[in-house]
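Ready to practise reading salt bridges off a structure? Grab a pencil and take the exercises one at a time.

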Amino acid sequence: MPVFSSHILTRYGFAMTVISLPDRNWIDLVGPIEGVEVVQWDLSEEAPRQDEIAFVVPPYLGSPPWERLGKVPGLRVVQLLSAGYDNVLAAMPPGVLLANAAGVHDASTAELAVTLTLSSLRGIPEFVVAQGSSQWLPTENRQSLADKRVLILGYGGIGVAIARRLSGFEATLTAVASRARAGDDLVHSVHGVDELPTLLPEQDIVILILPLTEATDGLVNRKFLASMPDGSLLVNVSRGKVVDTSALVEAAASGRIRAALDVTDPEPLPDDHPLWRTPGILISPHVGGASSAFAPRAVALLREQIASFAADRPLRNVVNAH
């Protein structure tokens, strides 16, 4: 990857790179970095020191007015705190690099994928409801993760982290990526997405951890769901639009499959949406990356990226370099 020169401001005889962090908490967490001056900017208003900022870290949550980035003439890099970037890419001004936070959310999201899977299999939502009414449910055999056939669709960093956590549950793992390739210490081989028609009928659980692209938008449609066996479980910790929501509601309402979703389409889910009331569906409010594991990993990435930029070294995780 080419090295991109930073925007340098000379102050008090020293060369300083001016960057922005979204709030005081992030400024304190990241701490001082040699050769770097930090200003606070969350994009909610016009940028302070607008003519000097070269590196921007937007807020982690919410949808700030991305068009304000185009009013920062010296901007060279936007560093996200999220792994997903599909909602930001089109807003990048010409010549500005966009880097995501690949790796930062692997542990948190993988943990939630396993949590949703186990919770759905073992009936945890029913137990919570019963506890609220002081009801002791009768014992029945619930589904176990042991001996299940689990397909991970999207075998990147988070997919590997999910597989690593599932490897101790005595399940059989199948990995699928955009193209077939050799396996690793967790799976013998990685299948291509074109093999899904033959793979899906043999799976008990399908975990989605895909980026949202033209190819993956609506990938999980009626045909996909119809290929999954009766009684199987769909777990989505990627993007809501990867799944055709109407098709999922139909399949779950019939009792044929279940689903555990950290993401939905639309999102946030309206109060009157049928997903809330569809039997066999467990919903968490897009919290895959929100855990105590997030901040230390994010800080490590930010310090590395900011220091690299200030020293004119290549950056990690650039998603729009040509």
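Here are three exercises on this predicted model, each with a worked solution.

**Exercise 1.** Work out which parts of the chain the salt bridge between Arg68 and Glu46 ties together.

*Solution.* Start with the contact: the side chains of Arg68 and Glu46 come to 3.3 Å, N to O. That fits the cut-off, since a salt bridge needs the nitrogen within 4 Å of the carboxyl oxygen. Next, place the partners: Arg68 sits in the loop between β4 and β5, and Glu46 in the loop between β3 and β4, so the pair links parts 22 residues apart in sequence. This is one bridge from a structure that holds 16 salt bridges.

**Exercise 2.** Decide whether Arg142 and Glu140 are buried, partly exposed or exposed.

*Solution.* First, check that they pair up: they form a salt bridge, with the closest N and O atoms 3.7 Å apart. Now recall that buried means under 20% relative accessible area and exposed means over 50%. Arg142 has 22%, so Arg142 is partly exposed. Glu140 has 47%, so Glu140 is partly exposed too.

**Exercise 3.** Describe the salt bridge between Arg256 and Asp230, from contact to surroundings.

*Solution.* Begin with the distance, which is 3.1 Å from N to O. Then find the loops: Arg256 lies between α7 and β13, while Asp230 lies between α6 and β12, so the bridge ties together parts 26 residues apart in sequence. Finish with accessibility: Arg256 is partly exposed at 21%, whereas Asp230 is exposed at 63%.

Notes:
Residues numbered from 1 in each chain as written. Predicted model: local features only at pLDDT ≥ 70, side-chain atom pairs only at ≥ 80, totals over all residues. Heavy atoms only, no water. Helix = DSSP H or I, 4+ residues; strand = E, 2+ residues; numbered from the N terminus. Buried < 20%, exposed > 50% of the residue type's maximum accessible area, 1.4 Å probe, protein only.
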